[in-house]
Amino acid sequence: MWLARCVSILAFAHFAVVPYCDAVEPVTVSVVAGLTGLVSSAGWFGKDFLLDNTYCKFTECCRKPYIKADVAALKASLKGSLYGQHIVQDVLVNAIGAHYDNIENSRKPLVMSFHGTPGVGKTYVSQFVVSSMFQRAHKSRFVHRFPGRIPFTTNSLVESYKINLQHTILESLRECPQSLFIFDDVEQMPPGILNYIVHMLNHNVVLDGVSLSKAVFILIANIGGPEISNILLRMLKSGKTREDADYYDFEHTLQQAAYNHENTGLFRSHIVDSHVVDYYIPFLPLEKSHVHSCILQEFALLNISSAQVDEDMLRIVMRHVTFDGLFVNGGCKRLTKKVAAIVRKHLTRT
């Protein structure tokens, strides 16, 4: 038992220079020296083998299988569980796929900004990204989420927050170059808070010996929703279908909306005018058919099949849904608890 613990640390010791065992047991110095020599002489194959079979068996490492980058799983999740967002499915799968296809030669971190009204799936999609990239999903220590205003509560401390944010990112990437950083509810962050990391998102950046080019950054903002709705509505009125809408119909408008939206984390931000954001991804407003699909999915999560959902149950849920013309207010965001309550009421009657 002790020998296994010692070997696992020796595998790391090749990088840390000083081998270490946490207890003195009757094992000869020659065995320890031999193990250290084995790591040194075996080359990279030897290091990988020892890490995979010792240290990385017991803790998450920045390597396969913990970093899985399963783009096929991401595509399947989006296709099966995301409604009305054909642009998101296309752009996101190809952007992440291209980043990981060439990860060893990447010259820039992948930076994406998700835009749309509340309830259209922005945070929901980020969860699919997390689970497809990391074996431990949201529990991975290589996933870092910054939830809106919460980490940045005091305006007078913004300068300190900027320094701390850069330090957190740098140290995280020192531990794992393929880390994922998610900034949720960016519109709630103090203006200027993201300016301090702009230089980290550019090409060929190395800070304090740490390369930033393999990382992924996702910004999530309830900014640009009205602009997206207006563009889509004009297209529909001109005779086009929803599926005719393309990423390029929205990109420039969203970039401008992000830059000009006052009192938000992106207002006049260098993260926008420095052109380090690779994709401004539009989440389209949902229509009635999409909400029906969301409702059926919520029932399915409670083990109620679509065949068991009658018109009366569907009608009761839809009473909670309001519309702004063709589009749904709030998307699918408020349906989970409504469906759960209806299922409970239905079951207690039977």
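**Exercise 1.** In this predicted model, find which side chain Lys162 meets in a salt bridge, and decide whether each partner is buried or exposed.

*Solution.* Begin with the contact itself: the side chain of Lys162 meets that of Glu159, with 3.3 Å from N to O, and this lies within the 4 Å that a salt bridge requires. Next, locate the two residues, which both belong to helix α8 and stand 3 residues apart, about one turn of the helix. Finally, compare the accessibilities with the cut-offs: Lys162 has a relative accessible area of 13% and is therefore buried, since buried means under 20%, whereas Glu159, at 51%, counts as exposed because the limit is over 50%.

**Exercise 2.** Work out which parts of the chain are tied together by the salt bridge between Arg141 and Glu175.

*Solution.* First note that the closest N and O atoms of Arg141 and Glu175 are 1.9 Å apart. Arg141 lies in the loop between α7 and β2, while Glu175 lies in helix α8, so the pair ties together parts that are 34 residues apart in sequence. As for accessibility, Arg141 is partly exposed at 33%, and Glu175 is partly exposed at 41%.

**Exercise 3.** Determine which strands stand at the edges of the sheet.

*Solution.* Start from the order of the 5 strands in this open, parallel sheet, which is β2-β3-β6-β1-β7. β2 and β7 each have a single partner strand, so one side of each is left without a neighbour in the sheet, and these two stand at the edges. For β7, the pairing with β1 is parallel and runs over 4 bridges, and one bridge joins Phe114 to Ile281 in β7.

How values were computed
Residues are numbered from 1 along each chain as its sequence is written. This is a predicted model: local features need pLDDT of at least 70, side-chain atom pairs count only at pLDDT 80 or more; totals for chains, interfaces and linings use all residues. Side-chain values use heavy atoms; hydrogens and water are left out. Two strands pair if DSSP finds at least two bridges between them. Buried means under 20% relative accessible area, exposed over 50%, partly exposed in between (1.4 Å probe, protein chains only).
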